Amino acid sequence: MPEDPYRYDLTLSFAGEDRPYVEEVAQELRRSGLRIWYDGYETAELWGKNLTDHLDEIYGAGSRFVVMFVSAAYGRRLWTSQERRSVQARAFTAPGSQVLPVRFDDTEIPGMPPSVGYVDARAVTPGELADLLVRAVLRPDQAVVGTRPHPTGTTQLPRHPWRIFISHTSELRRWPQRKSFVDAAESAIKRAGHAPRDMAYFTASEQPPAQVCIDAVKDCDIYVLVAGFRYGSPVRNRPELSYTELEFETATSSRLPRLVFLLHEDTQGTFHTLADLDYGRRQATFREKLQESGLTTAAVENPDELETAILHSLTELMKQQSQTGPRLQAVSNVPVRSRTFVGRSPLLTKVRSSLLTGESVVVVLHGMGGVGKSSTAVEYAHRFSENYDVMWRVPAEDPAVVLDRLAELAHALQIAEPGDGSSAAVARLFGQLRQLDRWLIMFDNATDPDTLAEFLPQGPGHVVITSRNPSWRSVGTPIAVEELDRAEAVKLLRKLAPALGEQDAGLIADALNNLPLALEQAASLVHDYGVTAEAYLKMLGDPKRNVLAAELDGDRKSVAAAFKVTFEALSIQSPAAMQLATLLSWLAPEPVSLDLFTRHSAALPVPLASAAGDEILFPVLLAKLRSQSLVQIRQEAVQMHQVLATLLRANDFFPVGQEGTYRWQGVAAGFLRAALTANPDGEAGWPLWRQLLPHVLAVVEAAAGIPDLEDDTAWLRRGAGVYRRSTGDSFR
């Protein structure tokens, strides 16, 4: 394979005033695996060097493309003028090199003809610009001479056998002793009929080690990375990279197919073997980058799993190479990539793995409203877009809309005839999809598996469904989408509201239990409306303020609006289910044993009392709540998310009973008093009091100052005090 004469694929030239936008572009490009030069990543390299000479080399001949971010500041800064002269000096002399202008305004740059095409940064997000740049680097007319780009952006593979480079750190060749990870990788490659290569097989050379490494990777047809927890040795002339990172970078720029396998966090081994005390943080960053690169990464715990995974991947590659025939034209209606999406890498990897290796090519992302199902599906489409020619999103609440949207796809692909009705167009579409791959259909916000089943295409493509309903096992592989972890929630808040401090962001994240939609609304109030974190938390704790219903600018939906239709429909369709949801909202966000409702149904309001006392009706009632992801039911207990509880406490979604709305604090207090039949002073009663204590404390606080409830709350308060004195439990 011919040597690429450039050290970088893209170099970013910009003024400091434009750094916030450019840095987001750089982050997206870095995830793509391209070799980029961005000064924020090159501090060590620039240290102590003659910047005039060094930057002249980088901007002049060291990069295939230079992205010139044009603005008024760019035109007047000293260093950007130096960079611009270096770029322009090579622009018309270096074959194959190219300047890619991006404009923040209409500033004229000396030496740049007005006829040169540009991208307007005022019209695209950093993520969208990064996508455009990746396409520019990988387009066929910019390929290294002698390579033939594959439709996915990789080099077309030769006939078998293939030379397969195994990239790894040295301890994986020695460990485990019985059969090392590298032994397993070599065994899989040989079983598939190919030839393994790694640096252990190369003889002494006069070339620097880094160049030997680069040449070895370029000489192969496929790149396999086994990434453990040790970083390995830094490259001598590029100390910011390990040799494994250098090999990955080379495979990416050479457009080799890349198969990445990560040792799982649960991999068994000695601390000395697995830990990297010197560069552990670097390796953790590299592993994270791999998971966010858009590549499918598989996690393995032992050599046998690795051997099976590599053999499966090579078999799939051989199958793809042998398949010939017509392809679908490129079509997409997927929304633009969110600039605020954070985390979810393990979830996205699980989705990809399920679609590739599961029994079904249908994955269902299910979870409560506002948890990020739709945004995760959109991120999946963008992150793995190189694997699809067709990506089509279908709003799935209404069956009539589903049929029309699928018919639109049939017409967009020119599969349907002009006079075809929707049903005929979809029939033609499904006939084509059955024979072709590289398509992704996304059904968003589906409600019922039986209703949607007739609209699911068959064939080797992929289907992703999002739904609040978790009961999709008959259709595909259900994958739960849960709240962000705390670190991701804090990151999202500070990304949306940069002035928010780490501690305040953490307090808000905790109060909202890391629910993405609620976090976005909170960040908007802080950033766009100047609400302080302290004020927000105070409003959140006051049901009268109903801060979750705050209307935001644009098409952003409030948390309350996201659930309003659900709650109102539930109050009409099943008043008993709505009563149970409301009662749970006044208890603590902790599990409540289901048998407490059935054994003490007399303490509940009508019609909930009748349903709870019926062994058939009560499971049906619970199923209604679960189908909307309003509650979680685990180990014979029910629990409500604290954000939903806050919403229900602040809204009168329906009147209960003939005399108006129940005072739900009183219902909750009466229910707990009826349920707490055990003596708090004796050991026999402690388990029940321990289970219900969080709910007792929540209700006592909520009912404080309500005269009519003083009898119940005083009884609960005394019982809690006796229990705590008896057990030595301290106040939390």
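**Reading a hairpin and a buried arginine**

Trainee: Which residue of β10 is the bridge partner of Val235?

Mentor: In this predicted model, Val235 has Arg238 of β10 as its bridge partner.

Trainee: What makes β9 and β10 a pair of strands?

Mentor: Pairing asks for at least two bridges between two strands, and 2 bridges join β9 (residues 234-235) to β10 (residues 238-242), so the two strands count as paired. They run antiparallel, and a hairpin links β9 to β10 through 2 residues.

Trainee: Turning to Arg103, which lies in strand β4 (residues 98-103), why is this residue said to have no salt bridge?

Mentor: A salt bridge needs a side-chain nitrogen of Lys or Arg within 4 Å of a carboxyl oxygen of Asp or Glu, whereas the nearest side chain of opposite charge to Arg103, that of Asp105, is 5.2 Å away; therefore the criterion is not met, although Arg103 is buried.

Trainee: What does the side chain of Arg103 reach at 3.5 Å?

Mentor: The side chain of Arg103 reaches the backbone oxygen of Asp105 at that distance, and because a polar contact is a suitable pair of N or O atoms within 3.5 Å, this one qualifies.

Trainee: How do you know where the predictor is confident, and where is the pLDDT below 50?

Mentor: The mean pLDDT of the protein chain is 80, with 80% of its residues reaching 70 or more. Over residues 92-97, however, the pLDDT is below 50, and this stretch has 8 contacts in the model beyond near neighbours in sequence. Residues 139-155 also stay under 50, with 37 contacts beyond four places in sequence.

Definitions and conventions
Residues are numbered from 1 along each chain as its sequence is written. Side-chain values use heavy atoms; hydrogens and water are left out. Buried means under 20% relative accessible area, exposed over 50%, partly exposed in between (1.4 Å probe, protein chains only). Lys and Arg count as positive and Asp and Glu as negative; His and the chain ends are not counted. A polar contact is a pair of N or O atoms within 3.5 Å; within protein, one must be able to donate a hydrogen and the other to accept it, and residues adjacent in sequence count only if both atoms are side-chain atoms. pLDDT is the predictor's confidence in each residue, from 0 to 100. Contact means heavy atoms within 4.5 Å. Helices (H or I, at least four residues) and strands (E, at least two) are DSSP runs, numbered from the N terminus.
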